[in-house]
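Work through the exercises below with the model open. Each task is followed by its solution.

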Amino acid sequence: MQEKTFVAVSHQGESSILMGKAATLAQQMHYKHISISEQDNHLVTLVYTEKGLEIQLKPEHNPQKPLKLHIDFLSSALTYRRQHGGIKQALARAVGIKPGIRPSIIDATAGLGKDSFLLASLGSRVTMIERSPLLFALLQDALHRMAHSPDITQEIIDSLSLIQGDASKVLNTIPHDEYPNTIYLDPMYPHKRKSALNSLEMRITRELVGDDMDAEILLKNALLCALQRVVVKRPKTAASIGDHSPTHCIQMKNSRYDVYLV
Ligand SMILES: C[S@@+](CC[C@H](N)C(=O)[O-])C[C@H]1O[C@@H](n2cnc3c(N)ncnc32)[C@H](O)[C@@H]1O
């Protein structure tokens with residue numbers, strides 16, 4: 001899906017700083033750099049705005065109303081979870097966070113980086129891997145803005161890192177002495193009905209990256225690389241991935257974590 005999408009980089013307003021950033025990003029990503037006045041001709045654009053980088057996507061049925069995707073680790077929802085979530089929340093328990101124990105984690109399906117950010121806020125070192133160049137660009141920009149915020153501690157900033165690529169391949173290149181304690185997977189699940197999708201953000205993400213039909217291969221590679229456990233997030237009623245039966249599951253309202261102890 002990604003390859004078929006024409007992507008350009010544009011800028012908003014007359015700010016020369018934003019224009020410069022857009023031009024640099026376009027060059028790095030080998031995309032075309034256009035001005036905001038040309039944006040109407042393009043279905044997907046990466047746009048620098050005053051609040052950071054965002055993806056704008058024109059839905060076929062309503063091209064006048066572009067859908068916008070932006071990552072903000074300082075959003076009120078994430079700030080609330082960072083400050084009140086604690087180590088008893090299901091995600092923390094699933095990855096093996098316990099009093100005095102903070103596993104090192106690879107989040108092999110980083111997406112919008114929310115789970116990674118929360119796990120890093122709880123004290124784990126988290127390496128994010130994302131294969132979509134568009135989402136990777138958003139993550140990079142969001143990490144950069146976060147690193148300049150006085151509200152975020154240096155520990156959180158230092159514990160998050162980001163790699164672009166297919167995680168199945170990236171995992172194969174990791175030296176044995178750098179294997180993580182936990183590998184976390186949250187692949188896109190092929191939903192049939194729109195109502196089953198959990199948020200507008202995820203709808204846009206799906207439009208951009210499609211379904212992750214190779215999740216079984218990723219799980220196999222993850223099981224070879226994790227020192228202690230692999231955790232897979234699944235919709236509540238979906239089957240587990242492939243032939244592997246999880247060691248145990250942590251149930252939530254609409255989803256669950258399948259935990260594979262290694
Ligand atoms: C459902 S989203 C993850 C959401 C994420 N947990 C969060 O908190 O925002 C799934 C993401 O995983 C990425 N992905 C799936 N398979 C991947 C792979 N093999 N390597 C790297 N990224 C992958 C997709 O591109 C997509 O962005």
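**Exercise 1. A strand pair at a sheet edge**

Task: Find the residue of S12 that stands opposite Cys249, then place the two strands in their sheet.

Solution.
- Step 1. Across from Cys249 sits Asp258 of S12. The model is a predicted one.
- Step 2. Look at the pairing around these residues. S11 and S12 (residues 255–261) run antiparallel and are joined by four bridges.
- Step 3. Widen the view to the sheet. Seven strands form an open sheet in the order S8-S7-S6-S9-S10-S12-S11, and the pairing is mixed.
- Step 4. Read off the edges. S8 (160–164) and S11 (248–251) each have a single partner strand, so one side of each has no neighbour in the sheet.
- Step 5. Add the twist. From one strand to the next it averages 20 degrees.

**Exercise 2. Helices on the seven-stranded sheet**

Task: State which strands H9 lies across, and at what angle to S9 it runs. Do the like for H5 and S8.

Solution.
- Step 1. Helix H9 (residues 215–225) lies across S9 (182–185), S10 (229–235) and S12. Its angle to S9 is about 170 degrees.
- Step 2. H5 lies across S7 and S8. Relative to S8, H5 runs at about 155 degrees.

**Exercise 3. The five-stranded sheet**

Task: Give the strand order of the five-stranded sheet. Then explain why one side of S2 and of S5 is left without a neighbour.

Solution.
- Step 1. The order is S2-S1-S3-S4-S5, in an open sheet with mixed pairing.
- Step 2. S2 (32–33) and S5 stand at the edges with a single partner strand each, so one side of each is left free of a neighbour in the sheet.
- Step 3. Check one pair inside the order. S1 (residues 7–11) and S3 (residues 44–49) run parallel, with five bridges between them. Ala8 has Thr45 of S3 as its bridge partner.
- Step 4. Add the helices. H1 lies across S1, S2 and S3, at about 165 degrees to S1. H5 (residues 133–147) also packs on this sheet, where it touches S1, S3, S4 and S5. The direction of H5 makes about 155 degrees with that of S4.

**Exercise 4. Two domains in contact**

Task: Describe how domain 1 meets domain 2, and which strand gives the most to the side of domain 1 that touches domain 2.

Solution.
- Step 1. Set the bounds. The domain assignment gives domain 1 as 7–70 and domain 2 as 76–261.
- Step 2. Take the separation. Their C-alpha centres are 27 Å apart.
- Step 3. Count the contacts. 10 residues of domain 1 touch 12 residues of domain 2.
- Step 4. Assign the domain 1 side to elements. H1 (16–29), S4 (52–57) and S5 (67–70) each supply at least two residues. S4 gives the most, with four residues.
- Step 5. Sort that side by class. Nine residues are nonpolar, one is polar and none is charged.

**Exercise 5. A helix pair**

Task: Characterise the packing of H2 against H4.

Solution.
- Step 1. The axes of H2 (residues 76–84) and H4 (residues 114–121) come within 9 Å and cross at roughly 30 degrees.
- Step 2. The crossing is right-handed.
- Step 3. H2 brings Leu78, Arg81 and Arg82 to the contact, and H4 brings Lys114, Phe117, Leu118 and Ser121.
- Step 4. By class, three of these residues are nonpolar, one is polar and three are charged.

**Exercise 6. The ligand shell**

Task: How many residues surround the ligand, and which are the closest?

Solution.
- Step 1. The shell holds 22 residues. The closest are Thr109, Gly111, Leu112, Lys114 and Ala167.
- Step 2. H4, S7 (126–130), H7 (167–172) and H8 (200–209) each supply at least two shell residues.
- Step 3. The classes are nine nonpolar, six polar and seven charged.

Technical notes
Residues are numbered from 1 along each chain as its sequence is written. This is a predicted model: local features need pLDDT of at least 70, side-chain atom pairs count only at pLDDT 80 or more; totals for chains, interfaces and linings use all residues. Axes are lines fitted to C-alpha atoms, for helices over the stretch in contact, and angles run from 0 to 180 degrees between N-to-C directions. A crossing is left-handed if the near helix is turned anticlockwise from the far one by less than a right angle, and right-handed if clockwise. Ala, Val, Leu, Ile, Met, Phe, Trp, Tyr, Cys and Pro count as nonpolar, Asp, Glu, Lys and Arg as charged, and the others, Gly among them, as polar. A residue is near a molecule or strand if its C-beta atom, placed from the backbone, lies within 6 Å of it. Domain bounds come from an automatic or database domain assignment. Two strands pair if DSSP finds at least two bridges between them.
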